[in-house]
Amino acid sequence: MNIILLGPPGAGKGTQASRLENERGMVQLSTGDMLRAAVKAGTPVGLQAKAVMEAGELVSDAIVSALIGERLDQLGEAGAIFDGYPRTAAQAESLDQILAERGRSLDHVIELVVDEDALVERITGRFTCASCGQGYHDAFKLPAVADTCDACGGHEFKRRPDDNEETVRTRMAEYRAKTAPILPIYEARGLVKRVDGMADIAHVTDAIEAILDGRA
Ligand code: AP5
Ligand code: MG
Ligand code: ZN
């Protein structure tokens, strides 16, 4: 099974993708994570992407589609959860081709429906464990023991450079202008299912699993 999680910055795509990975053995393919790894490693792609990401704008279609193709080749039989890709009509077209070349097809496009004003709080409060990547939030999900990662016991945490209010507003504008318009493409193919992304994290997962199991 191959699915797309679609929604604006902070909608919970990464949160839900990692829960589905743990529960279903599917694999999360996040272009944002791939690009951040490239920036950290200082690769040519990373050097090109760094300033664009810090401004909250979109990296070129060719770069992200190449990253997705490479990662799919390493997946074997596992199902893919596309997180943050596709983000433009051109990327949606590339994805069709990338999947077809590998004998895969799309099963669902799950739109996380959210209230944009609440998202700014979600994003500006977000932080992750520097060792294992476990996600946390200042208000909604603190570690059980202060300054100690629940998952690995690490004590260092980090915040994304693009998680400030000004950049978040740009990221949302990019979503509205370039990404939301791809929904009708998938709607015409009968692939879109909507989930209330403002519900509790566990409820959102339940709603997604109901779709994957054909119960919704
Ligand atoms: P990317 O990394 O994809 O960022 P994004 O789309 O802006 O989305 P986020 O990762 O911020 O949000 P999310 O939906 O994953 O939410 P999360 O689960 O963390 O992209 C970053 C940049 O890379 C882009 O701006 C662009 O420059 C570039 N890029 C990436 N892909 C690209 C592409 N395809 N084309 C071109 N450029 C590309 O949740 C957020 C917070 O809320 C967390 O703290 C979480 O704990 C909390 N939370 C989650 N769900 C809930 C809930 N139900 N209730 C309460 N809190 C919740
Ligand atoms: Mg994310
Ligand atoms: Zn950790």
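Here is a walk through this structure, from the whole chain down to a few single residues.

Keep in mind as you look around that this is a predicted model. Let's begin with the protein chain as a whole. Its fold is built from 9 helices and 8 strands. The chain's radius of gyration is 17 Å, close to the 17 Å that the globule rule gives for 216 residues, so the chain is as compact as a globular protein of that length. If you drew a box around the C-alpha atoms along the principal axes, that box would come out at roughly 45 × 45 × 35 Å.

What about inside and outside? Of the 216 residues, 44% count as buried. The surface that the protein chain exposes adds up to about 10700 Å², and carbon and sulfur atoms supply 50% of that area. The contacts tell you how the chain comes back on itself: of those with a separation of 6 or more, 68% are between residues that sit 24 or more positions apart.

Now turn to ligand 1. There are 33 residues around it, and the ones that come nearest are Thr15, Glu57, Arg87, Arg126 and Arg171. Sorted by class, this shell has 13 nonpolar, 10 polar and 10 charged residues.

Some polar atoms are worth finding on your screen. An oxygen atom of ligand 1 is 2.9 Å from a polar backbone atom of Gly14. On the nitrogen side, one such atom of ligand 1 is 3.0 Å from a polar backbone atom of Val59. Arg122 takes part through its side chain, where an N or O atom is 3.5 Å from a nitrogen atom of ligand 1. How much of ligand 1 does the protein bury? Taken alone, ligand 1 exposes 1100 Å², and the protein buries 94% of that. The elements that give two or more residues to the shell are α1 (13-24), α2 (31-41) and β6 (135-137). Of the elements, α2 gives the most, with 4 residues.

Since α2 has come up, have a look at Thr31, which is found in that helix. Is Thr31 buried or exposed? Its relative accessibility is 3%, so Thr31 counts as buried; the cut-off for that is under 20%. A polar atom of the Thr31 side chain lies 3.0 Å from the backbone oxygen of Gly84. Not counting residues up to four places away in sequence, Thr31 touches Val64, Ile68, Asp83, Gly84, Tyr85 and Arg87. You have met Arg87 already, as one of the residues that come nearest to ligand 1.

Tyr85, another residue that Thr31 touches, leads to a backbone detail. The peptide bond from Tyr85 to Pro86 is cis, with omega near -5°. Pro86 itself has its place in the loop between β3 (80-83) and α5 (89-101).

A further backbone detail waits at Asp147, in the loop between β6 and β7 (157-158). Here phi is near 60°, a positive value in a residue other than glycine. With 56% relative accessibility, Asp147 counts as exposed.

Follow the chain on past β7 and you get to Arg159, in the loop between β7 and α7 (165-179). Arg159 counts as partly exposed, at 48% relative accessibility. Leaving aside neighbours within four places in sequence, Arg159 is in contact with Thr124, Gly125, Arg126, Phe127 and Asp138. With Asp138 there is a polar contact, side chain to side chain, at 2.9 Å. Arg126 is a familiar name too, being among the residues that come nearest to ligand 1. Thr15 is also in that group; Arg159 and Thr15 are 144 residues apart in sequence and 15 Å apart in space, C-alpha to C-alpha.

The last stop is Met198, in the loop between β8 (192-196) and α9 (201-212). Met198 has a relative accessible area of 36%, so it is partly exposed. Which residues is Met198 in contact with, leaving aside its neighbours within four places in sequence? They are Val113, Val114, Asp115, Ala118 and Arg122. Met198 and Ala118 are 80 residues apart along the chain, yet their C-alpha atoms are separated by 8.7 Å. Arg122 brings us back to ligand 1, since its side chain has an N or O atom 3.5 Å from a nitrogen atom of that ligand.

Key
Residues numbered from 1 in each chain as written. Chains lettered and ligands numbered in written order. Predicted model: local features only at pLDDT ≥ 70, side-chain atom pairs only at ≥ 80, totals over all residues. Heavy atoms only, no water. Near = heavy atom within 4 Å. Polar contact = N/O pair within 3.5 Å; in protein donor to acceptor, adjacent residues only side chain to side chain. Areas by Shrake-Rupley, 256 points an atom, 1.4 Å probe, with all protein chains shown as cover. Nonpolar A, V, L, I, M, F, W, Y, C, P; charged D, E, K, R; others polar. Rg over C-alpha atoms; globule rule 2.2 N^0.38 Å. Buried < 20%, exposed > 50% of the residue type's maximum accessible area, 1.4 Å probe, protein only. Contact = heavy atoms within 4.5 Å.
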